[in-house]
Amino acid sequence: MGLSDDIKKYKAAIYIRVSKDDGDKMESNSISNQRTLIRSYLENKPDIEICSERVDDGYSGVSFDRPAVKAMLSDIRDGSVNCVIVKDLSRFGRNYIETGRYIEQLFPFMGVRFIAINDGFDSACKQSQADDMIIPFKNLINDAYSRDISVKVRSGQNIRRIRGDYIGAFPLYGYFRSEENKYKLEIDQYAAMTIRDIFRWKIQGMSNQGIAKRLNTMGILSPLEYKRMLGWAYSTSFQLQPVAKWSAASVMRILKNEIYTGTMIQGKESSPNYKVKKRFKKPQTEWIKVADTHEAIISKDDFFLVKRLLAADTRTSPDNDDLHLFSGLLKCAGCNHGMVRRPVKSGGKTYVYYMCRTQKEDKNKCSGKCRIDEIRLTACVLKILQKQIETSCDMIEIMDYINSLPFKQVDVKKADLRIEKKQEEYSCCQKLMIELYEDYKKGIVNRENYVAWKLNYEENCHQIEEAVQILKQERWNLINNYELQNRWIEEFKRNKNISELSRPLLASLIERIDVIDKNNIKVYFTFRR
């Protein structure tokens, strides 16, 4: 005989949740254990029919912004579910206010039966006055437990930050986790080469966009794609394209990251409390900085030199990847504001002048007479530098030091390693093509997917081949002294003096140049202190 017609048939959704963040005992609260307990409970409940099972694996009970909860509420709204069953109240939620709102207001209003098995709660049964007090009290205890766990986790993380331990989910680009200690960083020599090049090119005067373009042309994988190649399940909110390329923004993030100097910086972001997961940026005074926690990729001198260059106005025109010679270095002596470069055409020729930005916008805001032509400025700065080097340095010692720097050998080795890595990528891509063909022959992959993936692999192989050719050309240039830094060093050795200004020279030696008028300037050297 079937179920009596006057007994209401409930369409139930089983809800299961487990999360390490809440301090769950993973064995007793495992998904399989919760499922078994609930289904065993329903074996002698003919009035309840299981219609769906919703699982939130790895989601905290503090927030109700969970995928399975949202799906279950959607089922309730469209009428396919009118009963929710959980192992206990803590599985449904650990937020006292929100859990109470659902159980005491929303579910009764929507005609939904709620059952928490281990807590002995069934909203279809008449509740005693004691139950009306106990259920809110249990929700409060669950909420307090979650708060206590959150405080302990935050405290533990803060202690590790103060000790200089790295607690990020993934090591940042340029480092691996130490195999002996997962909280320590070790240099990834391959990625570190790229980071050193980025800083070197910036000091030489390249713009961020120019550096990004050069890296993409050389076929150097962006940080995101490099981490994917290593097999890391890594994602970022910065990616805008299916295949992440280097961009001016990604170059800037590397140039501004002090971690590359061996200083651990953490605690830049936080959330208001354990119930609100939205992150906010903390002021720099609250960051936790610990020096010398790991091996540096970039010297502190180079980092702070680049930091100074970034603080200056170093914009370029859209068609130019390199900075102008004096970009970001010129200041008006009258108002201490930057100078702007202004080309002027006259008599079929182009003359370049630098003028005060403030005067350009409003002549009444600056009393100075800061306007100087580029030819006069260049000659004047060159003469000052020549005199400074002549009076301050022993040129023979400088030349001996420069001769001892193994620029060429180091860069050639880097080029060799990059070529080797690209060839490994090519071999990997060829292997994937072979495996794809075998899957196609076995019927695992249909023809449409086979053709699409095969074209994708072939395009990747073609791009890798082009990158290898560019790297080989750069290696040839290095060996034959075509690299910019080598040409500059050779010229310096030949003349035993500076005969021409270059962006790397100015960036390294000069902090700023104050323009007083068209005939007078004041140069501040980086080493003046």
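**A walk through the strands and helices**

Let us start at one small spot: Val 515 has Ile 521 of E17 as its bridge partner. Before following that thread, please keep in mind that you are looking at a predicted model.

The strand that holds Val 515 is E16, and Cys 332 stands opposite this same Val 515. E16 covers residues 510–517, and three bridges join it to strand E12 (residues 330–332), with the two running parallel. With strand E17 (residues 520–525), E16 shares six bridges, and here the two run antiparallel. What do E16 and E17 form, with two residues between them? They form a hairpin. As a general background, strands of a sheet pair through backbone hydrogen bonds, and the pairing can be either parallel or antiparallel. You have just met both senses in one place: parallel for E12 with E16, antiparallel for E16 with E17.

Now find another group of strands. Strands E13, E14 and E15 make an open sheet in that order, with antiparallel pairing. Which strands lie at the edges of this sheet? They are E13 (339–346) and E15 (371–373), each of which pairs on one side only. On average, neighbouring strands of this sheet are turned by 30° against each other, if direction is ignored. The pairing of E13 with E14 (residues 349–356) is antiparallel and extends over eight bridges. If you would like a landmark there, look for Met 339, which stands opposite Cys 356 of E14.

Next come the helices. Helix H6 (residues 189–204) and helix H9 (residues 248–255) have axes that come within 10 Å and cross at roughly 95°. Angles from 65 to 115 degrees count as roughly perpendicular, and H6 and H9 are therefore roughly perpendicular to each other. Which residues make the contact? From H6 they are Ile 195, Ile 198, Phe 199 and Lys 202, and from H9 they are Val 251, Ile 254 and Leu 255. Sorted by kind, the residues of this contact are six nonpolar and one charged, with no polar ones.

Helix H7 (residues 208–217) belongs in this picture too. Its buried residues are Asn 208, Gly 210, Ile 211, Ala 212 and Leu 215. They pack against H6, H9 and H10, so if you have just located the H6 and H9 crossing, you can look for H7 from there. After H7 comes Gly 219, with a positive phi near 80°.

A positive phi also turns up somewhere else. Most residues other than glycine have a negative phi. Asp 292 is not a glycine, yet its phi is positive, near 55°. Where does Asp 292 lie? You will find Asp 292 in the loop between strand E11 (288–290) and helix H10 (300–311). Is Asp 292 buried or exposed? Exposed means over 50% relative accessible area, and Asp 292, at 64% relative accessibility, therefore counts as exposed.

Finally, step back to see the whole chain. The protein chain has 17 helices and 17 strands. Of its 529 residues, 41% are buried. The chain exposes about 30300 Å², and carbon and sulfur atoms supply 51% of that area. Looking at contacts between residues at least 6 apart in sequence, 65% join residues at least 24 apart. The parallel pair from the beginning, E12 (residues 330–332) with E16 (residues 510–517), is a good place to end the walk.

Terms used
Residues numbered from 1 in each chain as written. Predicted model: local features only at pLDDT ≥ 70, side-chain atom pairs only at ≥ 80, totals over all residues. Heavy atoms only, no water. Helix = DSSP H or I, 4+ residues; strand = E, 2+ residues; numbered from the N terminus. Buried < 20%, exposed > 50% of the residue type's maximum accessible area, 1.4 Å probe, protein only. Contact = heavy atoms within 4.5 Å. Areas by Shrake-Rupley, 256 points an atom, 1.4 Å probe, with all protein chains shown as cover. Pairing = 2+ DSSP bridges. Axes fitted to C-alpha atoms, helices over the stretch in contact; angles between N-to-C directions. Parallel < 35°, antiparallel > 145°, perpendicular 65-115°, else oblique. Nonpolar A, V, L, I, M, F, W, Y, C, P; charged D, E, K, R; others polar.
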